Every structure is written in C-alpha cells, then in structure tokens.
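Me: Please take a close look at a single part of this model, the place where two helices cross. Where a term has a cut-off, kindly state it.

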Amino acid sequence: KIGGFVLVEEILFAAGLFVYAIVRGYQPDILGLEKFMDFGFIKSYLASATLPANDMWWAGGAINYYSFGHFWTSILIRIWGVAAGVGYNLMLAFILASTISLAFSVIVNLFAEKELPRSKAVLAGLVGSLLVTLGGNSHTIWYLLTKGTLTGYWYADATRFIQNTIHEFPGYSFVVSDLHGHVLSLPIVLIFILLLISWQKERKRLIEVGLGILLGVMAMTNTWDSAIYGLLVVMLLILCFLSGKLKVREIIETGVIIGVSAVIT
C-alpha cells in the first residue's frame, strides 16, 4: 500500500518539475516585483566567501533578511551545475514539484486512519494537492457575485482584498514567480505538518526534535511561519490536554524539546 502512494508522489513531483520548468522556459525573465531582490540574494550567496553573505545593496553589510531559503537555493544551484539565472527558474520548478507531492502526502496521511479504499485516498490526495498548489481563494467568484461582472478584474487583487493584509496563496506566487521567503518555505511547512501528523500517532522524542529543527529553519527562511506553526503546535497540545491524551507534564516536556531544538537550530 505504502509503495503505491509513494509512486504517485514521485510521479507528481516529476510532472510538476517538468511542466513548470517548461512554463518558466517561455517566460524566464527575472524582472518585476521582488524577483530582482531574490535573485540578488542568491547571487550574493554564490559569490560570498563567508557567511552571512554580503548585502548587494549595503556596502560592507550582511544580508539583513530571513534568507536561508536563498542560501539553500545557492547550494542546489551548485549541485545542479547550472548558471544562476537557470537555477533561479529551476528552483521555482523544484518548489512547485515538492509542494504538490508533499501536499498529496499530507492529505493521504490525514485519511490513513479512515481506512479509505486506495483509489479514494489517491483521488482525495490528487484533488487536494492540486488545490493547495494551484488553487486560489475563490476571490474571482466573489467578485463576480458582488459586481455582477468580471470587467476590470485584476487577478492580483485576490491577494489584497482583506483590508490591511497580504494573503498570497501558492498559485499566485507561482504565477508571479517571486522566489521569496514564503515560497521557499512551502516544502518546509508541509514537512512540518507531516511530522505533526506522525507525532499524533507516535509521540516520539525524535519527532519532537524534528519539529523544533523545522521551526528553527522556518525562522531563518520565512520568519512569520515560525509564529504561525508554533501557534499550531500550541493549539494541538491544548487539544491533546482537553481530550485527555496528554498530561500537563507531558505537554511541558514536549514544548521544551520543540522550543529548545528550534532555538539551537
């Protein structure tokens, strides 16, 4: 059973990587929005002899930004042996491929205890992973219902329609192709959620250390994520306490292990 699901994940990864690489091949320019800054960070890590890397805009200063994702992008570009411009677009394809395959895994694991037939679990995983990776937030439908027309509609408004917030979703990020912290953090977040699912089934200390490490990586890659998913852990621990699955001592121990691991990372 597990082998079949893994095969689907690998196919999704390969298909996502191939298709999106072709899409970027038709529009490979690294111009507009925050792409120039993202590319600059990657170039800095490729060129710098020390860490932290030099800031390309501040002579004598280091990058003052949560840029770990750009750092590991530079590592992958070195491994791939390609030029920085090619590597930028290849990294976008890698992130999309990772997101769609990991989202599939999250959904299948959430349904694991329901003992669904394999075909239904695969279907749920496929639909869910496509929605997570390429779906929007129904803003277009809302606009049509409230305005009665799509005349004058601008797709980017879907990320700003809640006042005083920025609420981008993966589909939008892959369209505009910024290689920003919140995009680079997508695989990390999904792996974190997978570990949380695993921890609910087997409360092992090693999993808790892994959760802490990933929270620490989030703090370096897209700092907001460490707050969001740290809160998710707190909420899960509270629910475990209220349902009688964990005692106060166990909650404190788990919190300390995750917290210390995150800080050390």
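Reply: A crossing is right-handed if the near helix is turned clockwise from the far one by less than a right angle, and left-handed if anticlockwise. In this predicted model, local features need pLDDT of at least 70 and side-chain atom pairs pLDDT 80 or more, while totals for chains, interfaces and linings use all residues. Residues are numbered from 1 along each chain, and side-chain values use heavy atoms, without hydrogens or water.

The part chosen is the contact of α2 with α4, and α2 passes α4 in a right-handed crossing. Helix α2 covers residues 35–47 and helix α4 residues 84–110 (helices are DSSP runs of H or I of at least four residues, numbered from the N terminus). The two pack at an angle of about 120°, their axes 11 Å apart (axes are fitted to C-alpha atoms over the stretch in contact, with angles from 0 to 180 degrees between N-to-C directions).

On the α2 side, the contact is made by K35, D38, F39, I42, K43 and L46, which meet A84, G85 and Y88 of α4 (contact means heavy atoms within 4.5 Å). By class, these comprise five nonpolar, one polar and three charged residues. An α-helix has 3.6 residues a turn, so residues three or four places apart point the same way.

Within this contact, F39 of α2 and Y88 of α4 form an aromatic pair, edge-to-face, with 6.2 Å between centres and 75° between planes (ring centres within 6.5 Å; planes under 30 degrees apart are stacked, over 60 edge-to-face, the rest tilted). The pair links distant parts of the chain, since F39 and Y88 are 49 residues apart. Y88 has a relative accessible area of 0% and is therefore buried (under 20% is buried, over 50% exposed, in between partly exposed, with a 1.4 Å probe and protein chains only). The model has 14 aromatic pairs by this rule, and ring pairs also link F13, W72, W80 and F94 into a cluster.

The loops on either side of α2 hold further backbone features. L33, in the loop between α1 (2–26) and α2, has a positive phi of about 50° although it is not a glycine. L33 counts as exposed because its relative accessibility is 61%. P52 lies in the loop between α2 and α3 (68–80), and the peptide bond from L51 to P52 is cis, with omega near -5°. Most residues other than glycine have a negative phi, and most peptide bonds are trans.

Conventions:
Nonpolar A, V, L, I, M, F, W, Y, C, P; charged D, E, K, R; others polar. Phe/Tyr/Trp six-rings, centres within 6.5 Å; stacked < 30°, edge-to-face > 60°.
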